[in-house]
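Biologist: I've got a model open and I'd like to learn how to read it properly. Can you walk me through it?

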Amino acid sequence: MFRTYELYLLESLALVIGLMLTIFVIGAIRRNSLNARYAILWVGAGGVLAALSVYRPLLDFIATAVGISYPPSLLFLVAFVFLLFIVLHYSLVLSSHREAIRHLAQAVALLEQELEEQRSKPPAE
Amino acid sequence: MTNLVIIPAFNESDAIGAVVRDVRAHCDYDIVVVDDGSHDDTAQRAAEAGAVVLRHPCNLGIGAAVQTAYLFALRRGYDRVIRQDGDGQHDPSYIPAIVAILEGGDSDIVVGSRFLAREGFQSTLVRRIGIFILSIVSSLVGTRTTDPTSGYWGINRRALRILAPRFPDDYPETEALVIAAQAGCRIREIPVVMRARTTGRSSISALYSGFYMVKVILALLVVHVRPRHRR
């Protein structure tokens, strides 16, 4: 296949973005600000996208196999589906966190009132 | 046999004291105010007026506030719980009548309806249309009420056991009615006259009225799809 200078530029750009993402994720794990299970998700997704954008024959092979006439659009499809699942996953996590916060806040309200009641009671003797 | 009046309140500093005193003037039941993370001194005013105050550390919404009060009632063994709104729209003079009906034992939930007698504050036309649509939708899934959005509720311990563990979130009344009906609660409406609020603002702005409708209808459908509460 005839390859232009622009294509190499694009691939390098994809590589740089992938590397930056990886460095950022590793840094976040080191700082304890990213849970390991999300880290695996992001590193895995970044790896797949990087592999597809750098190793062109793989992209062409998969695209041809599933009948996509313009192979680079496979990249967008993969990225889009991945992001869709991540966002859906976050909706689930947010819902369960919301529920947990509600239970916690309600428990705090009830306990605080009970504590105040105990304190304001005159001593037993 | 003990009764509890519960009042959920969010930023009702100007109204809450008078509301608590008004309730006190009509009955001698215990009063609980749930302060849903107010930014003003709602909790302090309520305590000064003689109410027990439960304070949410952050704003959780009206459904959670009612639920906190229900959990309190369940723990402390109250037999009947009557809800009043914190803005003074509910006239506490109906409380004894609601308690009397609950004591009669034929109803588990008594709802005060604005539309049975068509007197007093009737809300705006748009909202009335919305409430009418909701009453049709809720009757399709098993509860026939004229005012499914009313918060003027009295419940007995049976309904309390059903609702306290699983009270719905955002605009809870219609959904809670359907949940209770599905669990076998007997629901009765009585006519009440509601007042227009004097201070503060409704938690439901014009913009959110549409969202309210969609959310409640969705919630009703979801309730219908979800596995039923075991009796």
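Modeller: We'll take chain B from its overall make-up down to a helix and a strand. Keep in mind that this is a predicted model.

Biologist: Fine. How many helices and strands does chain B have?

Modeller: Start with the inventory: the secondary structure of chain B comes to eight helices and seven strands. Then check the packing: 49% of its 231 residues count as buried. For contacts, look at how far apart the partners sit in sequence. Among contacts in chain B with a separation of 6 or more, 76% are between residues 24 or more positions apart.

Biologist: And where chain B meets chain A, how many residues does each chain put in?

Modeller: Count each side on its own. Chain B brings 13 residues to the contact and chain A brings eight residues. On the chain B side, β3 (52–55) and α3 (62–76) each supply at least two residues. The most comes from α3(B), with five residues. By class, that side of chain B has nine nonpolar, three polar and one charged residues.

Biologist: Let's stay with α3(B), then. What end-to-end distance should its 15 residues span?

Modeller: Here's the general idea first. An α-helix has 3.6 residues a turn, so residues three or four places apart point the same way. For length, use the rise of 1.5 Å a residue: the 15 residues of α3(B) should span 21 Å, and its end C-alpha atoms are 21 Å apart, so the two agree.

Biologist: Is α3(B) mostly covered or mostly open?

Modeller: Mostly covered, with eleven of its 15 residues buried. The buried set includes Ile62(B), Val66(B), Tyr70(B) and Ala73(B). Gln67(B) and Thr68(B) are buried in the helix as well. Look just past the end of α3(B) too, where Gly77(B) takes a positive phi of about 75°.

Biologist: Now a strand. Which residues of β5(B) lie on each side?

Modeller: With a strand, read the two faces separately. In β5(B), Ile109(B), Val111(B) and Ser113(B) are on one side, with Val110(B) and Gly112(B) on the other, and all are buried. That matches the tally for residues 109–113: five of five buried.

Biologist: Which strands pair with β5(B), and in what sense?

Modeller: Follow the bridges in each direction. β5(B) pairs with β6 (residues 153–156) in the antiparallel sense over three bridges, and Val111(B) stands opposite Trp153(B) there. Five bridges join β5(B) to β7 (residues 187–191), and these two run parallel. In that pairing, Val110(B) stands opposite Arg188(B).

How values were computed: Residues numbered from 1 in each chain as written. Chains lettered and ligands numbered in written order. Predicted model: local features only at pLDDT ≥ 70, side-chain atom pairs only at ≥ 80, totals over all residues. Helix = DSSP H or I, 4+ residues; strand = E, 2+ residues; numbered from the N terminus. Buried ≥ 20, exposed ≤ 12 C-beta atoms within 10 Å, placed from the backbone. Contact = placed C-beta atoms within 7 Å. Nonpolar A, V, L, I, M, F, W, Y, C, P; charged D, E, K, R; others polar. Expected span 1.5 Å × (residues − 1). Pairing = 2+ DSSP bridges.
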